[in-house]
Amino acid sequence: MSKIRLWAAGASAAALMALVPAPAQAQVPHLPAAPAYACAEDQWPWGCVAECESSGRWNLDTGNGYYGGLQFWQPTWIEHGGPRFAARADLATRQQQITVAEEVLRTQGWEAWPVCSTRYGLSGRVHTVQAGDTLSTIARRFGIAGGWQALYAANRSLIGPDPNRIVIGTMLRIAPLTVRR
C-alpha cells in the first residue's frame with residue numbers, strides 16, 4: 001500500500017478535505033455573475049424576484065389576483081402556457097413557474113416585474129436557450145436586425161468565443177435587438 005493510501009486510511013475526512021483545493025466558485029455560464037444579494041444564491045435571478053414579489057413563497061395566493069412565487073396575473077399565466085402545469089401559478093411547482101416566467105421574458109421582458117427587476121438591475125427582453133436552438137433560429141424567431149451575428153455580439157460575454165456553442169438555459173438578451181414586424 002502506498003504511503004498516501006496508508007495515511008489516508010488513518011486520516012480524518014476533515015483532514016483529507018483540507019488537502020483538496022477548494023473548487024473555484026462555479027459561474028453559471030448563462031448569466032452574469034450573481035450580485036451580492038443573499039437571494040442570488042437561490043437560482044439567480046428567480047430566487048431574488050420571488051423573494052421580492054412574494055417573500056419567496058412559491059405557493060402564495062393572497063387573494064389579490066396575483067399568484068405564486070413570481071406573482072403571475074392570471075391572464076398572463078394563461079397566455080404564456082401556465083395551464084399546461086396548473087390552473088393557477090400558486091398550484092404549480094417552482095420550476096413550472098420559472099418555465100412560464102421564461103416565456104413571459106420573451107414577450108414582456110423584465111418589465112413584467114417592474115419593481116423587482118429594477119431592484120436587481122434586470123432589464124430588457126430575454127430568451128432562455130432551449131434544446132435545438134441556434135443563434136440563427138433565435139435571431140429569425142425574434143426578427144433581430146443583423147441576424148445571428150448581432151445576437152452573438154450582444155451576448156458574446158455570455159456565450160464565449162464560439163457562437164456555435166450556446167448552452168441550454170443561457171439567458172440571451174434579445175431586446176433592443178428585436179425589429180418589430
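**Close-up 1. What packs over helix α7.** The cover over the buried residues of α7 includes α5, β3 (126-128), α8 (147-159) and β4 (171-173), where cover is counted by contact, meaning heavy atoms within 4.5 Å. This is a predicted model: local features need pLDDT of at least 70, and side-chain atom pairs count only at pLDDT 80 or more, while totals for chains, interfaces and linings use all residues. Numbering starts from 1 along each chain as its sequence is written, and side-chain values use heavy atoms, with hydrogens and water left out. Helices (H or I, at least four residues) and strands (E, at least two) are DSSP runs, numbered from the N terminus.

**Close-up 2. The buried side of α7.** Helix α7 spans residues 135-142, and Leu135, Ile138, Ala139 and Phe142 in it are buried, that is, under 20% relative accessible area (exposed is over 50%, partly exposed in between; 1.4 Å probe, protein chains only). These four sit on the same side of α7 because they cover an arc of only 100 degrees around the axis, the arc being that of the directions from the helix axis to the C-beta atoms. Just after α7 comes Gly143, with a positive phi of about 60 degrees.

**Close-up 3. Trp46 in the largest nonpolar core.** This core has 28 residues, and Trp46, Leu70, Phe72, Leu105, Trp110, Trp113 and Tyr120 touch the most other members. A nonpolar core here is a set of buried Ala, Val, Leu, Ile, Met, Phe, Trp, Tyr and Cys residues joined through side-chain atoms within 4.5 Å. Setting aside neighbours within four places in sequence, Trp46 is in contact with Trp58, Leu70, Ile98, Ala101, Glu102, Leu105, Trp110, Trp113 and Met171. Apart from this core lies another, of 13 residues, including Leu151, Tyr152, Ile166 and Leu172.

**Close-up 4. Trp113 and its ring partners.** Rings of Phe, Tyr and Trp (its six-membered ring) pair if their centres lie within 6.5 Å; planes under 30 degrees apart count as stacked, over 60 as edge-to-face and the rest as tilted. The structure holds six such pairs. Trp46 and Trp113 meet edge-to-face, at 5.7 Å centre to centre and 75 degrees between the planes. That pair links distant parts of the chain, with Trp46 in helix α3 and Trp113 in the loop between α5 and α6 (114-119), 67 residues apart. Trp110 and Trp113 are tilted instead, with 5.8 Å between centres and 55 degrees between planes. One aromatic cluster takes in Trp46, Phe72, Trp77, Trp110 and Trp113.

**Close-up 5. Asn155 in helix α8.** Asn155 is found in α8 and is buried, at a relative accessible area of 1%. Leaving out neighbours within four places in sequence, Asn155 is in contact with Met171, Leu172 and Arg173.
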